[in-house]
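Colleague: I am new to this structure and would like a close look at a single part of it. Please start from one residue and then go on to its surroundings and the other local features.

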Amino acid sequence: MSWYLYLALRQLFPAGKRFPFITLVSVAGVMLGVAVLIIVLGVMNGFGEEIRRKVVDTQGHLRVESGQILYRYQEVIAELEQRPEVVAAVPYAAGMVMVQHANRPAFPLVQGIDPAAEQGVMPLDDFLIYGRPEDLDDDSVFLSVFLARSLGVIPGGEVEIYSPLLLERLRQDEILLPRSVRVAGLFETGWHQIDENTVITTLRLMQDLYGLGDGVHGIKVRLRDRDDPDTVVAALNRELEPPLRAISWLDANRDFLFILQLEKNVLFFLLLFIVLVSAFAITSSLLITVVRKTREIGLLGALGARPWQVGQCFCLQGLFIGICGTSLGFAFGFLALHFRNDIIQTFARLTQSEAALVRFYQFSVLPAETDPRDLFLIAAASLVISTLAGLIPAWRAARLDPTEALRSE
Amino acid sequence: MSKNGVVLRAEGLKKRFPSGDRVLEVLQGVDLELRAGESLSIRGESGCGKTTLLHLIAGLEPRDEGRLFWRDQAVETWSRSRLAGERARFIGMIFQAFYLIPEIDARANVLLAARMLGRPKADDRERVEGLLKRVGLEERGHHLPARLSGGERQRVAIARALLNRPAVILADEPTGNLDETTGDAILDLLLELCGEEGASLVLVTHNPLHARRTDRRAVLAHGGLHFD
């Protein structure tokens, strides 16, 4: 081991002495910065991953649409199902309606599905908290939990559905009565955007409500998990005859995903300032060390040390502080992520904000997902910043004239 | 070493320092020759330039004029980096204030001199143990400097100065911070060890009794060395 590496280690971790307080403070600063970055980016990734899973579970990996009512959808489904990457392809019809129960109106989004085939794309079984998929028929609906709560309806109760078709018929001086249906089940996906305001009906019922005849609005497709939706969409768009076109879930939610990524990048940039502030602590503590050890630096010169080696000794101390702080930050960050739900629930209980958390953040548990690229970026940024923090003290030490240093009081 | 056994030669060394609006010429042309194994004491009033002369000899401080030869080689032709490397091999320095690194134990302080020349070898570690034994600290090698007395610290510094088998030891008032008895013991040890190792010694001291024990004696006054 070179003497400057040896001395750098010994000055930070002296033999037979307590851990120096000044080193402890510098390491703690880096540790906090790294831990906060890991926790926040982990949770941001978790949100992203959870949204991806919910979107895929409720919308499929991609949709095939034509912008018009699609009548010969069975042929398209048969073609799609021949592709090896397609796990399932199911028709859907979707639109807004007005639902009323006991004079309480709501304006949910209706998804008309084929209950038997839908399981291939949407795991309805997992989402239903009351009722079974086979309970859904042309005279019944499944309501999302929050919608049922706001309407004040319970399973077995009846709701009336007013579709836009009613207005269309009114213009033609026809009166169409609202459709009265039974609530056959309640579902909860865990994604508040859907759980707040969604009705699931049979495809047949939705076709009646929207006057689609035998047509549908499109086809939802689920792919194998290993396949990239964008690649499959590109291949499909080369093969599908216009006006048919495929849209991946990434495209359909591009704005939302962009905002999510932007938030993550901004948070990374802002939180990196914690590491930067700790770098100032490293610089100031090492500068103090250089002043305190002026005569020892002079001695090193007298023993034959080259100026760059003296500089290395202090620069390496910055690196070691960075390594210790980053390692502890990783440990602390992963520990906090592991117990994140306990922490968040305790916090929510103390601040009585459990309901608000679900309402605003869409999820009842805090998701987290660590991305190796983020971890690499955090570690690299922290180590580079810590090492750079040692450069100014290193430069000062290297520039010290040994004779002046030896004469200093 | 040169043919006539001279290991260190200085010719007309001059050193000036600015002092207010005038220039103070501390050394006004110092000539010096030191043979292998020879000891030389230098006395002089405080501020007369004794430490400056040692720093010039060690190549730590640039000369304003004059030439300096280590084993017949002119050091002014060397780069700063080479000078530092050669210094680690050619010169061992001992200071009044010991200057041990407080974070490492006595053994590591001695071994630091070998680390300056690269990774310490098994021979170096054996030599450290031998030197610690020779200076009477074989049982205290694992002690940090803070747990050693002044005399013990200076013994560690002597062992460190001798580790790389330098040709010249420059001792700047090595007994200045010690009581009379301990100082005498340290000087005995220093002279004995230089004799055993064949190292030349330049001893800067205020103590005339100590100065009398070297082979040659000089007084630094009015910017020049005056030999007895």
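Is B:F98 buried or exposed, going by its relative accessibility?

Modeller: The model is a predicted one, and what follows is computed from it. B:F98 has a relative accessibility of 8% and therefore counts as buried, the cut-off being under 20%. As for its place in the chain, B:F98 sits in a loop of chain B, after β6 (91–94) and before α3 (106–115). The backbone at B:F98 has a positive phi, near 65°, although the residue is something other than glycine.

Chain A offers a second residue of this kind. A:N103 is not a glycine, yet its phi is positive, at about 65°. A:N103 also belongs to a loop, the one that links β3 (98–101) to β4 (104–106) in chain A. The relative accessible area of A:N103 is 68%, so A:N103 is exposed, the limit for that being over 50%. To put the two side by side, B:F98 is buried, whereas A:N103 is exposed.

Another loop of chain B holds B:S149, between α4 (122–134) and α5 (150–162). With a relative accessible area of 39%, B:S149 is partly exposed. Its C-alpha atom is 9.7 Å from that of B:L178, and the two residues are 29 residues apart along the chain.

Back in chain A, the loop from α10 (229–239) to β12 (245–248) contains A:P243. The peptide bond between A:P242 and A:P243 is cis, with omega at about 10°.

The last item is a pair of helices in chain A. Helix α12 (residues 254–292) packs against helix α18 (residues 391–399) at an angle of about 15°, and the axes are 8 Å apart. Angles under 35 degrees count as roughly parallel, and α12(A) and α18(A) are therefore roughly parallel to each other. Their crossing is right-handed. On the side of α12(A), the contact is made by A:T283, A:L286, A:L287 and A:V290. On the side of α18(A), A:I392, A:P393, A:R396 and A:A397 take part. Sorted by class, the residues in this contact are six nonpolar, one polar and one charged.

Terms used: Residues numbered from 1 in each chain as written. Chains lettered and ligands numbered in written order. Predicted model: local features only at pLDDT ≥ 70, side-chain atom pairs only at ≥ 80, totals over all residues. Heavy atoms only, no water. Axes fitted to C-alpha atoms, helices over the stretch in contact; angles between N-to-C directions. Helix = DSSP H or I, 4+ residues; strand = E, 2+ residues; numbered from the N terminus. Parallel < 35°, antiparallel > 145°, perpendicular 65-115°, else oblique. Left-handed = near helix turned anticlockwise from the far one by under 90°. Contact = heavy atoms within 4.5 Å. Nonpolar A, V, L, I, M, F, W, Y, C, P; charged D, E, K, R; others polar. Buried < 20%, exposed > 50% of the residue type's maximum accessible area, 1.4 Å probe, protein only.
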